[in-house]
Structure formats: structure tokens, C-alpha cells
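Q: Got a minute to walk through this one with me? I'd like to go piece by piece.

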Amino acid sequence: MVLVKRLVLDVLKPHQPSALEFCTRLAEIGDDYAVSLSVIEVDQDTETIEVSIEGYDLDFDAIQAVITKMSSSLHSVDVVEVQNDNAAVHG
């Protein structure tokens, strides 16, 4: 089984929700999700942000759904880290 351990996403979001609320909602998806956010650019109506999410097995579809629910759009997936965890299944 291959597990998604880390994602770095380029996202365009409105000014609301705040960066804190945005990260909190993403972290609530998984019990062990750690989320960090950097603002890359700000204009009159939106912010371009880089979001880093780490956890044991990230649920990309759930992450993307929450981003969309916050009126934001995923521009790109800039970094992906995965791990083959077959040893844990067979061990």
C-alpha cells in the first residue's frame, strides 16, 4: 500500500476565511494532519497561498473538497511525498 505522506499545494483563496481558519479546516480532515500555510501574493480580492500538509496517509480527495468548500481553487500540486508501506501490511 502506498501512502501519501506530504503535499504542497498552490491555492488561490479569497481573503476570508483567514489563514488560521483555512489551516484549521484542513487539519480537521485527518487525526494527525499537520498544516502550514505561506502567503505568496495578495491582491484586492484574493491571496495566492502555498499549503503544506503532512500526515500518515493523506486523503487528497477530501483535502480538495474542503478547499473547494472554502471558495478556493487548487492551482497545482507542487510537491508530493509518498511511502510504500507494504512492510507494515505483511509484517
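**Working through the model**

A: Glu50 is partly exposed, at 35% relative accessible area. Its place is in strand β3. Keep in mind that this is a predicted model.

Q: What does Glu50 touch, leaving out residues up to four places away in sequence?
A: Val8, Leu9, Ser36, Leu37, Ser38 and Ile40.

Q: And how far is Glu50 from Phe60 in space?
A: The two are 16 Å apart, C-alpha to C-alpha. In sequence they are 10 residues apart.

Q: Let's step back. What pattern does the protein chain follow along the sequence?
A: The order is β-α-β-β-α-β-α. That is three helices and four strands.

Q: What box do the C-alpha atoms fill?
A: Roughly 55 × 20 × 15 Å, taken along the principal axes.

Q: How much of the protein chain counts as buried?
A: 30% of its 91 residues. The accessible surface comes to about 5,400 Å². Carbon and sulfur atoms hold 49% of that surface.

Q: What share of the contacts comes from residues 24 or more positions apart?
A: 73%, counted among contacts with a separation of 6 or more.

Q: On to the helices. Which residues of α1 are buried?
A: Phe22, Cys23 and Leu26, in a helix that runs over residues 19-27. They cover an arc of only 95° around the axis, so they sit on the same side of α1.

Q: Why do residues three or four places apart point the same way in an α-helix?
A: An α-helix has 3.6 residues a turn, so that spacing brings the direction round again.

Q: What do the buried residues of α1 pack against?
A: Three strands and a helix: β1 (2-14), β2 (34-42), β3 (46-54) and α2 (60-69).

Q: Now α2. Which residues are buried there?
A: Ile63, Val66 and Ile67. Their arc is only 100° around the axis, which puts them on the same side of α2.

Q: Which residues are exposed on the other side of α2?
A: Asp61, Thr68 and Lys69.

Q: And what covers the buried residues of α2?
A: The cover includes β1, α1, β3 and β4.

Q: Switching to charges. Is Lys5 buried or exposed?
A: Buried, and it has no salt bridge. Lys5 is in strand β1.

Q: Which side chain of opposite charge is nearest to Lys5?
A: Asp85, at 6.4 Å. A salt bridge would need a side-chain nitrogen within 4 Å of a carboxyl oxygen, so this pair does not qualify.

Q: What does Lys5 touch, then?
A: Beyond residues up to four places away in sequence, there are two stretches to look at. One is Ile53, Glu54, Gly55, Tyr56 and Leu58. Also in contact are Glu81, Val82 and Gln83.

Q: Val82 interests me. Where is it?
A: In strand β4. Val82 also helps make a nonpolar surface patch, together with Val2, Val77 and Val80.

Q: What is the area of that nonpolar surface patch?
A: About 330 Å².

Q: Which strand gives the most to the nonpolar patch?
A: Strand β4, residues 73-84, with three residues.

Q: Another valine: is Val39 buried or partly exposed?
A: Partly exposed, with a relative accessible area of 45%. Val39 is in strand β2.

Q: What is Val39 in contact with?
A: Glu47, Thr48 and Ile49, leaving aside neighbours within four places in sequence.

Q: How far is Val39 from Gln16?
A: Their C-alpha atoms are separated by 13 Å. Along the chain they are 23 residues apart.

Q: What kind of peptide bond joins Gln16 and Pro17?
A: A cis one, with omega of about 10°. Pro17 is in the loop between β1 and α1.

Q: Last topic: backbone angles. What is phi at Ser71?
A: Positive, about 60°, although Ser71 is not a glycine. Most residues other than glycine have a negative phi, and most peptide bonds are trans.

Q: Where is Ser71?
A: In the loop between α2 and β4.

Q: Does Ser71 count as buried or exposed?
A: Exposed, at 60% relative accessibility. The cut-off for exposed is over 50%, so Ser71 falls in that class.

Definitions and conventions. Residues are numbered from 1 along each chain as its sequence is written. This is a predicted model: local features need pLDDT of at least 70, side-chain atom pairs count only at pLDDT 80 or more; totals for chains, interfaces and linings use all residues. Side-chain values use heavy atoms; hydrogens and water are left out. Buried means under 20% relative accessible area, exposed over 50%, partly exposed in between (1.4 Å probe, protein chains only). Helices (H or I, at least four residues) and strands (E, at least two) are DSSP runs, numbered from the N terminus. The arc is that of the directions from the helix axis to the C-beta atoms. Contact means heavy atoms within 4.5 Å. Lys and Arg count as positive and Asp and Glu as negative; His and the chain ends are not counted. Patches are made of residues with over 30% relative accessible area and no salt bridge: like charges are joined within 9 Å, nonpolar side chains (Val, Leu, Ile, Met, Phe, Trp, Tyr) within 5 Å. Accessible areas come from the Shrake-Rupley method with a 1.4 Å probe; for residues, only the protein chains shown count as cover.
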